[in-house]
Structures are given as structure tokens and as C-alpha cells.
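Here are a few exercises to work through with the model open beside you. Try each task before you read its solution.

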Amino acid sequence: MKGAAPRVLVVSADQWPRALLRAELRNAGYDAIGATTLARALRHPPTDAERGLVRLIIVDDQAVTADPTSLERARRQYPGALFVLVHRPRAAPAGPWAATLPRPVAIGEIVAAVRQLAPPQREGSLLG
């Protein structure tokens, strides 16, 4: 598990944006996993012997408004994970957000926010 890429859950009902974000996160050194809803994201264990801990969860605001109870369950299941909300340009729903990113937002901006919150480990790093 040492040296494993940080695991990131990407929760969005929109398939192509979710797939593109996962691909960009993988290129940036993350183990990105996708789910269409928060309830489906909860199927992923918080830790994996080979893949490490879920460190960060990116949530589309539609996933939160569609099932607000799943957000609380996710907070309990992934107690150390940071949550990032991507939301429409209205007020962001209340939540445990480490960052909120209003739309329109580029995939690169989301990846930059993830890098700030959970930097990927560098191979050969003396600190990692």
C-alpha cells in the first residue's frame, strides 16, 4: 500500500464528464473511481490492501440533492476523506466541503483543486 496513488471517488450521473475527469485524474497520479450516485459510491470500501484509502470524493451537486442521506453515510464510511463539490452557479448546498467549485469549471481546475487538497505521492520521494 505504501506508494499507492491516492484514491479519489468521482460521483456524477453524467457519464462523459465523469469519465473524462477520471482519465485526467489518473494522468495526474490518482487512482480515480467513478460512480453515478453517492449510494453507488458507498459500494467501494474505504480502504483496499492494494489500492490504499479513499482520500477524496468529488461530488456533483445533483448527487447531493437527489439523495442527501447518502452524503451523511459517505461521511461516516470515509471518515478521513475530503469532499469537493462541483455545483451549479447558485448557492452550494450545505455539506462537509473542503472546496466548492461553481460551474462552469474546467476539468483542469478540478484536478488542480484535488492536487492542492491531496497531493499525489511522487515515486522515489524521501517523504512518502
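A salt bridge here is a side-chain nitrogen of Lys or Arg within 4 Å of a carboxyl oxygen of Asp or Glu. You're working with a predicted model, where local features need pLDDT of at least 70, side-chain atom pairs count only at pLDDT 80 or more, and totals for chains, interfaces and linings use all residues. Residues are numbered from 1 along each chain as its sequence is written, and side-chain values use heavy atoms, with hydrogens and water left out.

**Exercise 1.** Work out which residues are linked in a network of salt bridges.

*Solution.*
- Step 1: start with Arg103, whose side chain meets that of Asp60 at 2.4 Å, N to O. Arg103 sits in the loop between β6 and α5 and Asp60 in strand β4, so this pair ties together parts 43 residues apart in sequence. (Helices, H or I with at least four residues, and strands, E with at least two, are DSSP runs numbered from the N terminus.)
- Step 2: go to Asp61, which pairs with Arg88 at 3.0 Å, N to O. Asp61 belongs to helix α3 and Arg88 to the loop between β5 and β6, so parts 27 residues apart get tied together.
- Step 3: Asp61 also forms a salt bridge with Arg90, at 3.5 Å, N to O.
- Step 4: put it together, and the network holds Asp60, Asp61, Arg88, Arg90 and Arg103.

**Exercise 2.** Decide whether Asp60, with a relative accessible area of 3%, is buried or exposed, then do likewise for Arg103 at 26%.

*Solution.*
- Step 1: get the cut-offs: buried is under 20% relative accessible area, exposed is over 50%, and partly exposed is in between (1.4 Å probe, protein chains only).
- Step 2: apply them. Asp60 is buried, while Arg103 is partly exposed.

**Exercise 3.** Find the side chain of opposite charge nearest to Arg18.

*Solution.*
- Step 1: locate Arg18 in helix α1.
- Step 2: sort the charges: Lys and Arg count as positive, Asp and Glu as negative, and His and the chain ends aren't counted.
- Step 3: look around. The nearest candidate is Asp14, 7.2 Å away, and Arg18 has no salt bridge even though it is buried.

**Exercise 4.** Which residues does a cis peptide bond join?

*Solution.*
- Step 1: recall that most peptide bonds are trans.
- Step 2: check omega between Arg103 and Pro104; at about -5°, the bond is cis.
- Step 3: place Pro104, which lies in the loop between β6 and α5.
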